[in-house]
Amino acid sequence: MPNYIEARFNTAQPTFSEGEERRLAALSRIAHSLSSALDLDDALIQMLDAAIELTNAGRGFLVLLEEDAASWSLRAARNNDQVTLPAQDLEPYRTVIADALSGDASRLIADAGSDLRSSESEPAVRPAPGAIMVAPLLVGSRKIGAILMDSRLPEAPFTQSELELLKICAAQTALKIENDRLQQAVQNASLAKSRFVSIVSHELRVPMTSIKGYADLLRQGVVGSLTAQQTEFVDIIRNNVERMSILVSDLADINRIETGRLFLETAPIALADQVEDILTSLQSKFAEKQHWFTTDIPADLPVINTDPLRLMQVLTNLINNACKYTPAGGEIQILAVDQGDGVRIEVVDNGIGISSEDQARLFTQFFRSDDSVVREEPGWGLGLSVSKLLIELMGGELGFSSTLGSGSTFWFRLPYEPKPAVDDA
Ligand code: ADP
């Protein structure tokens, strides 16, 4: 009876010949340099060196098609001593490269000397070519360049398996180059977006302040008393400018945080006082909806060191939400607990709650529930994202729990002291 266990768990290492081991090592070096080198040029040079070794080549050239796909340029050229070569060394192979870039197939040319239909210009240093092989760099069916290898000695032709290895290198290299291009495109788009947001938010602030100022003057009757309808219209103007300014400042905050340009101004904070200030400033809103408010903030709660204005912004946003999304007569509680290494603050409401489907999208920018109560309230769906980013910037965390129809608890915890910035150096 066969020894089943032994057969299944035979852990004996496969044995490789010296040549196979060398190839595996070169392949793994290629995969490693293409996945880990931060700079694309470094990655391509490392790949070319390893590919030259892998295929027993004398020299390797990597060319890339330009954006217009009509012309191409040399991106890396190395020999088997890992020396960078001048561009003119590629001259005799221009036609082979052009052929490789116009067709899809990789090619192995055993006697390049007789096959080369080189350019008319005789290069200063013309190699005595033996064999060459060329593989296009393909992203799907789109060509983005090619790798060409020539043999170390005229009498040492390449084998079919070396061409197969070159194709593997070409496939991995094409992926790396394409990923790099996509990353660059994403970075450029994100840079353009942040420039746009900072210019627009800066340019909008001045006219919005002016509209607000003049609306206030009208409301105060500075240019004569207003009729009831005029007062109503001016209030609408004022409220809408207020909404716009919240949107602009939320967008500017997100932009600053994402680009690392939001700096906190830390100071010791007595939390109870801060909550008191917010409740006073929101008094008229609570009165409107006749919410029942309770706070439970221990008098001996330790002082925390964080940015008071930013903390105020987060708390105001959470309390404001509790207010907006809790029907009239509902209950809102603000609780604080000392957790030994930081403070946890909770804003609890018994409002409309959030469905589990909506919960999954809650911190996505511009997300607002389709619930009619939500849609009747003003908002842009940015407050929670900004709050979460701010709390994380302060070294804390922000979360929630909610049951549809029963209410929600939004909480955050902050350490007593902000975490020191990590030094990458
Ligand atoms: P906004 O309130 O301006 O819509 P937020 O980012 O503050 O933006 O909130 C996003 C969405 O999360 C809200 O539109 C609402 O659907 C939901 N939400 C936030 N807080 C609550 C809450 N306390 N109760 C129920 N839903 C809430």
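Which residues make the nonpolar surface patch of about 500 Å²? Tyr-214, Leu-217, Leu-218, Val-222 and Val-223. Keep in mind that this is a predicted model.

Take Val-223 from that patch. It sits in the loop between helix 6, residues 160–219, and helix 7, residues 228–258. Val-223 counts as exposed, because its relative accessibility is 68% and the cut-off is over 50%.

Now the sheet. It is open and has five strands, in the order 2-1-5-4-3. The pairing is antiparallel. Strand 2, at 72–79, and strand 3, at 107–109, are the edges, and each pairs on one side only. From one strand to the next, the twist averages 15°.

Look at strands 1 and 5. Strand 1 covers residues 57–65, strand 5 covers 142–151, and seven bridges join them. One bridge to pick out: Leu-64 has Gly-145 in strand 5 as its partner.

Two helices go with this sheet. Helix 3, residues 40–54, packs on the sheet and touches strands 1, 2 and 5. The direction of helix 3 makes about 50° with that of strand 2. Helix 4, residues 94–102, lies across strands 1, 2, 3, 4 and 5. Against strand 5, helix 4 runs at about 145°.

On to charges. The model has 21 salt bridges. Start with Arg-78 and Asp-49: their closest N and O atoms are 2.7 Å apart. Arg-78 is in strand 2 and Asp-49 is in helix 3, so this pair links distant parts of the chain, 29 residues apart. Is each partner buried or exposed? Arg-78 is buried, at 10% relative accessible area. Asp-49 is buried too, at 12%.

Next, Arg-94 and Glu-91, at 3.1 Å from N to O. Here Arg-94 is partly exposed, at 36%, while Glu-91 is buried, at 19%.

Then Asp-341 with Arg-413, at 2.9 Å. Asp-341 is in the loop between strands 9 and 10, and Arg-413 is in strand 12, so the pair ties together parts 72 residues apart in sequence. Asp-341 is partly exposed at 49%; Arg-413 is buried at 18%.

There is also a network of salt bridges. Its members are Lys-212, Asp-216, Arg-238 and Glu-242.

Last stop, helix 13, residues 383–393. Its buried residues include Leu-384, Val-386, Leu-390 and Ile-391. What do the buried residues of helix 13 pack against? Helix 7, helix 10, strand 11 and strand 12. After helix 13 comes Gly-395, with a positive phi near 90°.

Notes:
Residues numbered from 1 in each chain as written. Predicted model: local features only at pLDDT ≥ 70, side-chain atom pairs only at ≥ 80, totals over all residues. Heavy atoms only, no water. Pairing = 2+ DSSP bridges. Helix = DSSP H or I, 4+ residues; strand = E, 2+ residues; numbered from the N terminus. Axes fitted to C-alpha atoms, helices over the stretch in contact; angles between N-to-C directions. Contact = heavy atoms within 4.5 Å. Patch = residues over 30% accessible without salt bridge, like charges linked within 9 Å, V, L, I, M, F, W, Y side chains within 5 Å. Areas by Shrake-Rupley, 256 points an atom, 1.4 Å probe, with all protein chains shown as cover. Salt bridge = Lys/Arg side-chain N within 4 Å of Asp/Glu carboxyl O. Buried < 20%, exposed > 50% of the residue type's maximum accessible area, 1.4 Å probe, protein only.
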